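Please walk me through this model in the viewer, one selection at a time. Begin with the whole chain and end with the details.

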Amino acid sequence: MFKRMMSAGAAVLAALTSACEDGPATVPGGWRSAALWSTMVHASANGPVWLEIHGRPFAAIDATMGDKVAAAMTNQLVGRQLALTAHRDQAAKPEFKVVLAFNPPVNADPRDLCAGSVATAAEPGDKITVLAAFCDKSGMLGSVQGWVAKVQGLDDPRFKRLLGQVARDLFGTAT
């Protein structure tokens, strides 16, 4: 009986950990400005924050990608409404922006996103990686990286969950 229970427990544990292997997963950057939260509040007080996107998560080109990514990242914070737009002219204060790079090099520096130096893979693979930074005129205020595998497109719930996690880890909470 004990052996049967251990086998069942091992099977359940294997199923749970295999689900985690496909993500989504995010990791906040190592440095975060103390002014990040208040800057985000200021930048979003009168309208959406600009979301600048580089690279593409999927091989197929979708004209609505920017809008779908912005929608997936909008209102992901607890206690604070935050809207994002992929259109610079719709941003309330375009000098503040979130920069996303899909499928950047493994050694990509998030500070480069704010400086406008963004490298991405020519063709997306099975695993989508993302590097994000929140920037103001002086540079990076915070960053996050993440990944997800085995997603089917922009409307896949796991892809949207990755983008929501990116927004939450990027902005965190007021401290």
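How many helices and strands are there in the chain? The chain, seen here as a predicted model, has 5 helices and 6 strands. Colour by secondary structure and follow the sequence: the pattern reads α-β-α-β-α-β-β-α-β-β-α. The chain has 175 residues, of which 42% count as buried. Among contacts with a separation of 6 or more, 72% are between residues 24 or more positions apart.

**The sheet**

Select the strands next. They form an open sheet of 6 strands in the order 1-6-5-4-2-3, and the pairing is mixed. Strand 1 and strand 3 (84-85) are at the edges; each has a single partner strand, so one side of each lacks a neighbour in the sheet. In general, strands of a sheet pair through backbone hydrogen bonds, either parallel or antiparallel.

**Strand 4**

Now select strand 4 (97-102). Is this strand mostly covered or mostly open? It is mostly covered, with 6 of its 6 residues buried. Turn the view to compare the faces: Lys97, Val99 and Ala101 lie on one side, Val98, Leu100 and Phe102 on the other, and all are buried.

Add strand 2 (residues 49-54), which runs parallel to strand 4 and is joined to it by 5 bridges. Two of the residue pairs can be picked out: Glu52 has Val99 as its bridge partner, and His54 has Ala101.

Then add strand 5 (127-136). Strand 4 and strand 5 run antiparallel, with 6 bridges between them. Ala101 appears again here, standing opposite Leu131 of strand 5.

**The disulfide**

Stay with strand 5 and show the cysteine side chains. The structure holds 1 disulfide, formed by Cys114 and Cys135, whose sulfur atoms are 1.9 Å apart. The torsion about the S-S bond of Cys114 and Cys135 is about -80°, so the disulfide is left-handed. This pair links distant parts of the chain, with Cys114 in helix 4 (residues 110-115) and Cys135 in strand 5, 21 residues apart.

Why do both cysteines count as buried? The cut-off is under 20% relative accessible area. Cys114 has a relative accessible area of 16%, so Cys114 is buried. Cys135 has a relative accessibility of 1% and therefore counts as buried too.

**Helix 5**

Finish with helix 5, residues 157-171. At 1.5 Å a residue, its 15 residues should span 21 Å, and the end C-alpha atoms are 21 Å apart, which agrees.

Look at the start of this helix. A side-chain oxygen of Asp156 comes to within 2.8 Å of the backbone nitrogen of Arg158. Then go to the other end, where Gly172, just after helix 5, takes a positive phi of about 55°.

Which residues of helix 5 are buried? They are Arg158, Phe159, Leu162, Leu163, Gly164, Gln165, Val166, Ala167, Leu170 and Phe171. To see what covers these buried residues, display strand 1 (25-28), helix 2 (36-44), helix 3 (65-73), strand 4, strand 5 and strand 6 (139-149), which are included in the cover.

For a last view, return to the sheet. Both edges belong to strands with a single partner strand, strand 1 and strand 3. Helix 5 packs on this sheet and touches strand 1, strand 4, strand 5 and strand 6; the direction of helix 5 makes about 155° with that of strand 6.

Technical notes. Residues numbered from 1 in each chain as written. Predicted model: local features only at pLDDT ≥ 70, side-chain atom pairs only at ≥ 80, totals over all residues. Heavy atoms only, no water. Helix = DSSP H or I, 4+ residues; strand = E, 2+ residues; numbered from the N terminus. Expected span 1.5 Å × (residues − 1). Buried < 20%, exposed > 50% of the residue type's maximum accessible area, 1.4 Å probe, protein only. Contact = heavy atoms within 4.5 Å. Polar contact = N/O pair within 3.5 Å; in protein donor to acceptor, adjacent residues only side chain to side chain. Pairing = 2+ DSSP bridges. Axes fitted to C-alpha atoms, helices over the stretch in contact; angles between N-to-C directions. Disulfide = S-S within 2.5 Å.
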